[in-house]
Amino acid sequence: METQSTQTLRSQDDLYADAEAVVNQIVRFFRLTKRAHAKFAAQQKDAVEQAAYYLLAVLVTEGPQRTTTLAENVHSDTSTVSRQIGALVKHGLVERQADPADGRACLLAATPTGRQCFDQQRHARTEQIAQVLRHWTSEDLRTVTELFARLNTDFESYEKHEGGNDDHQ
């Protein structure tokens, strides 16, 4: 007869094995999308590196931000974000604006060209994903969307409540 602690231990082992399987698929997915992005970027003239494009995406979708706020939002350090923003400014995709709340500070904002670049790349990316998923049913797509949303929400919740606590790491 199994004791409660044996059942709990096995349950934890099963959870770990299931989590490992999920991690393996996430890593595989990241590798595949990174390779696809590299191939897409190679076809673009004057392409923006992926990390900088992510900053542009945040500025387009969330609006103008200070460098420090943007760095916090993308979980990066200010110096890295500043370097990447420099490239986006050089390409005319982002501009620095006076912060109306504090004249000494500046906000980073996507330019109309930056918004157009973001929209074009988002459309091309969605077209590519649509081709990959063309054989999936609508029900499968809804299911994977719901599960991805749940996974993202759980990661955000963990990060907010436990991720910053060294006792849990």
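Q: Which residue with a positive phi follows helix 2?
A: Let's start at the end of a helix in this predicted model. Helix 2 has 13 residues and spans 18 Å from its first C-alpha to its last, close to the 18 Å expected at 1.5 Å a residue. Just after helix 2 comes a residue whose phi is positive, near 95°, and that residue is Gly-63.

Q: What pattern of helices and strands does the protein chain follow along the sequence?
A: The secondary structure of the protein chain comes to six helices and two strands. The two strands, strand 1 and strand 2, are joined by a hairpin. Read along the sequence, the pattern is α-α-α-α-β-β-α-α.

Q: Which helix gives the most to the largest nonpolar core?
A: This core has 21 residues, and Leu-56, Leu-70, Ile-85 and Leu-88 touch the most other members. At least two core residues come from each of helix 2 (50–62), helix 3 (67–73), helix 4 (78–90), strand 2 (102–110) and helix 5 (112–132). With eight residues, the top contributor is helix 2.

Q: Against which elements do the buried residues of helix 2 pack?
A: The buried residues of helix 2 are Ala-52, Tyr-53, Leu-55, Leu-56, Ala-57, Val-58, Leu-59 and Val-60. One of them, Leu-56, is also among the residues that touch the most other members of the largest nonpolar core. The elements that these buried residues pack against are helix 3, helix 4, strand 1, strand 2 and helix 5.

Q: Which residues does Leu-88 touch, not counting residues up to four places away in sequence?
A: Leu-88 belongs to the largest nonpolar core and is among the residues there that touch the most other members. Leaving out residues up to four places away in sequence, Leu-88 touches Val-48, Ala-52, Leu-55, Leu-56, Leu-93 and Val-94.

Q: Is Gln-121 buried or exposed?
A: Gln-121 has its place in helix 5. Apart from neighbours within four places in sequence, Gln-121 is in contact with Phe-40 and Tyr-53. Its relative accessible area is 12%, and the limit for burial is under 20%. Gln-121 therefore counts as buried.

Q: Which residue in strand 2 stands opposite Arg-96?
A: Strand 1 (residues 94–99) and strand 2 run antiparallel and are joined by six bridges. The hairpin between strand 1 and strand 2 passes through two residues. Opposite Arg-96, in strand 2, stands Leu-108.

Q: Where is His-75 found?
A: Most residues other than glycine have a negative phi. His-75 has a positive phi of about 55° although it is not a glycine. His-75 is exposed, with a relative accessible area of 59%. You will find His-75 in the loop between helix 3 and helix 4.

Q: How many residues apart are Arg-66 and Asp-99, which meet in a salt bridge?
A: Side chains of opposite charge can pair when their charged atoms come close. Here the side chains of Arg-66 and Asp-99 meet at 2.8 Å, N to O. Arg-66 is partly exposed at 32% relative accessible area, while Asp-99 is buried at 7%. The pair links the loop between helix 2 and helix 3 with strand 1, and the two residues are separated in sequence by 33 residues.

Q: Which residues are linked in a network of salt bridges?
A: The structure holds four salt bridges. In one of them, the side chains of Asp-102 and Arg-104 meet at 3.0 Å, N to O. Asp-102 counts as buried at 19% relative accessibility, whereas Arg-104 is exposed at 78%. The network links Arg-66, Asp-99, Asp-102 and Arg-104.

Q: What separates Asp-119 and Arg-122 in helix 5?
A: The side chains of Asp-119 and Arg-122 meet in a salt bridge at 3.0 Å, N to O. Asp-119 counts as partly exposed at 36% relative accessibility, and Arg-122 is partly exposed with a relative accessible area of 36%. Because the two are three residues apart in helix 5, what separates them is about one helical turn.

Q: What share of the accessible surface of the protein chain belongs to carbon and sulfur atoms?
A: Of the 169 residues of the protein chain, 22% count as buried. The accessible surface comes to about 12,800 Å², and the share belonging to carbon and sulfur atoms is 53%.

Conventions: Residues numbered from 1 in each chain as written. Predicted model: local features only at pLDDT ≥ 70, side-chain atom pairs only at ≥ 80, totals over all residues. Heavy atoms only, no water. Core = buried A, V, L, I, M, F, W, Y, C linked by side-chain atoms within 4.5 Å. Buried < 20%, exposed > 50% of the residue type's maximum accessible area, 1.4 Å probe, protein only. Helix = DSSP H or I, 4+ residues; strand = E, 2+ residues; numbered from the N terminus. Contact = heavy atoms within 4.5 Å. Areas by Shrake-Rupley, 256 points an atom, 1.4 Å probe, with all protein chains shown as cover. Pairing = 2+ DSSP bridges. Expected span 1.5 Å × (residues − 1).
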